[in-house]
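Reader: Before we look at particular residues, please show me how to read burial and helix packing in a model of this kind.

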Amino acid sequence: MSEGFKRALQELGSDVELPLDDLHFPLSLTDVDGIIRWQNRESIELIGDRQGSSYTPVVAPDHRQAMQTRLTRFMFGTDGARDDEVEILDKDGRRRTAICSSLPIKSGGKVVAILTIARICPRTDRSSAAPELTPRQRETLRLLAAGYSTQETAERLGVATETARNHIRALLRRLEVHTRLEAVIAARRHGLLEPEDPTEA
């Protein structure tokens, strides 16, 4: 919790409540041993009541090693807040794609837990045709998938920053998504990018 957030809560009063259970996104709190300590209602509805159990069965088998690596990095403080595309298994055993925002929770300067906010991506009809991309859009997509910033993308493309920003906007519109991470997920689903290696950190 940031100092500014703490101060704002204190100014509002000592009896301030945070109704996290009412958020319309799945939330869970996992300790550094990988045990799920708390879930809100949306999380329980998605993956079932897993409180007191390991998070591992919730993650698709081919993504478990990558998640274990990330958990270790959180524990040692080498990773801060981050967003990841994760394949999970819902309570019915169906594979779902989620964009997970993970926040390290600290006590005494040490990470003691990880708060995860998930956004489930809508299922895509895999039989639908992949959108046609221009060569420039394909190159822009490759750079986004590699994690380049707008400035770095501009340098790689040899264009001005605003031009690169326009290329990115056009790519998002073409893929009918709103964020860069969603663009990469959609592109992989349509076979426009190679699948992510789950063993990569």
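Author: Buried means under 20% relative accessible area, exposed means over 50%, and partly exposed lies in between, with a 1.4 Å probe and protein chains only. This is a predicted model, in which local features need pLDDT of at least 70 and side-chain atom pairs count only at pLDDT 80 or more, while totals for chains, interfaces and linings use all residues. Residues are numbered from 1 along each chain as its sequence is written, and side-chain values use heavy atoms, leaving out hydrogens and water.

Reader: Is L143 buried or exposed?

Author: L143 has 0% relative accessibility and therefore counts as buried. Contact means heavy atoms within 4.5 Å, and, apart from its neighbours within four places in sequence, L143 is in contact with Y148, T153, R156 and L157. From C-alpha to C-alpha, L143 and R156 lie 8.3 Å apart in space, although 13 residues apart in sequence.

Reader: L143 is found in helix 4; at what angle do helix 4 and helix 7 pack?

Author: Two packed helices are described by the angle between their axes and the distance between the axes. Helices are DSSP runs of H or I with at least four residues, numbered from the N terminus; axes are lines fitted to C-alpha atoms over the stretch in contact, and angles run from 0 to 180 degrees between N-to-C directions. Helix 4 (residues 135-145) and helix 7 (residues 180-189) pack at about 110 degrees, with their axes 10 Å apart. L141, L144 and A145 of helix 4 make the contact with R180, A183, V184 and A187 of helix 7.

Note on methods. Helix = DSSP H or I, 4+ residues; strand = E, 2+ residues; numbered from the N terminus.
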